[in-house]
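Biologist: Could you walk me through how the labels on this model were reached? I would like to hear the reasoning behind each one.

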Amino acid sequence: MEINLEDWRKHTVYRSGYHDSHKVIQWFWMAIERYDNERRLRLLQFVTGTSSIPYEGFKALRGSNGPRKFCIEKWGKTDNLPRAHTCFNRLDLPPYPSFTALFEKISVAIEETSTFGIE
């Protein structure tokens with residue numbers, strides 16, 4: 001299934017100081033735009049525990065206790081890898097100082113590890 005980035009972004013919430021126009025969030029979406037669909041699905045699986053998208057799209061994403069949107073929360077130090085809370089569809093994303101740092105850390109988290117940082 002092809003991921004619709006516009007739908008994903010529209011149905012994402014932000015916490016702890018992040019918002020849609022925050023530079024780290026802008027870099028996050030730039031990184032996702034550069035990924036092919038397979039890597040996007042791996043990121044989705046890393047954060048949600050599944051690589052499937054509901055038929056109704058991201059607005060219908062579910063967590064362990066019902067409907068729960070994809071969430072990106074500001075967390076950690078810039079040398080940390082992102083971590084995921086699959087029950088809550090939440091990505092804890094450190095405030096990386098550059099696009100390059102963010103791209104590398106997310107890539108390591110989803111490509112090189114299958115369970116690292118998942119809670």
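Modeller: Gladly! Let's start with a cut-off: a residue counts as exposed when its relative accessible area is over 50%, and as buried when that area is under 20%. Keep in mind that this is a predicted model.

Biologist: Thanks! Why is S21 called exposed?

Modeller: S21 has 57% relative accessibility, which is over 50%, so S21 counts as exposed. S21 sits in the loop between β1 (12–15) and α2 (23–34).

Biologist: What makes α3 and α4 roughly perpendicular?

Modeller: The axes of α3 (residues 37–48) and α4 (residues 99–111) cross at roughly 75° and come within 9 Å. Roughly perpendicular covers 65 to 115 degrees, so the label fits this pair. On the α3 side the contact is made by R39, R42, L43 and F46, and on the α4 side by F103, I106, S107, A109, I110 and E111. By class, that contact has six nonpolar, one polar and three charged residues.

Biologist: How do you know that C87 is not bonded to C71?

Modeller: The closest cysteine sulfur to that of C87 is in C71, 14 Å away. A disulfide needs the sulfur atoms within 2.5 Å, so this pair is too far apart for a bond. A search of the whole structure finds zero disulfides.

Biologist: And why is C71 called buried, while C87 is called partly exposed?

Modeller: C71 has a relative accessible area of 4%, which is under 20%, so C71 is buried. C87 has 36%, which lies between the 20% and 50% cut-offs, so C87 is partly exposed.

Notes. Residues are numbered from 1 along each chain as its sequence is written. This is a predicted model: local features need pLDDT of at least 70, side-chain atom pairs count only at pLDDT 80 or more; totals for chains, interfaces and linings use all residues. Side-chain values use heavy atoms; hydrogens and water are left out. Axes are lines fitted to C-alpha atoms, for helices over the stretch in contact, and angles run from 0 to 180 degrees between N-to-C directions. Helices (H or I, at least four residues) and strands (E, at least two) are DSSP runs, numbered from the N terminus. Angles under 35 degrees count as roughly parallel, over 145 as roughly antiparallel, 65 to 115 as roughly perpendicular and the rest as oblique. Contact means heavy atoms within 4.5 Å. Ala, Val, Leu, Ile, Met, Phe, Trp, Tyr, Cys and Pro count as nonpolar, Asp, Glu, Lys and Arg as charged, and the others, Gly among them, as polar. Buried means under 20% relative accessible area, exposed over 50%, partly exposed in between (1.4 Å probe, protein chains only).
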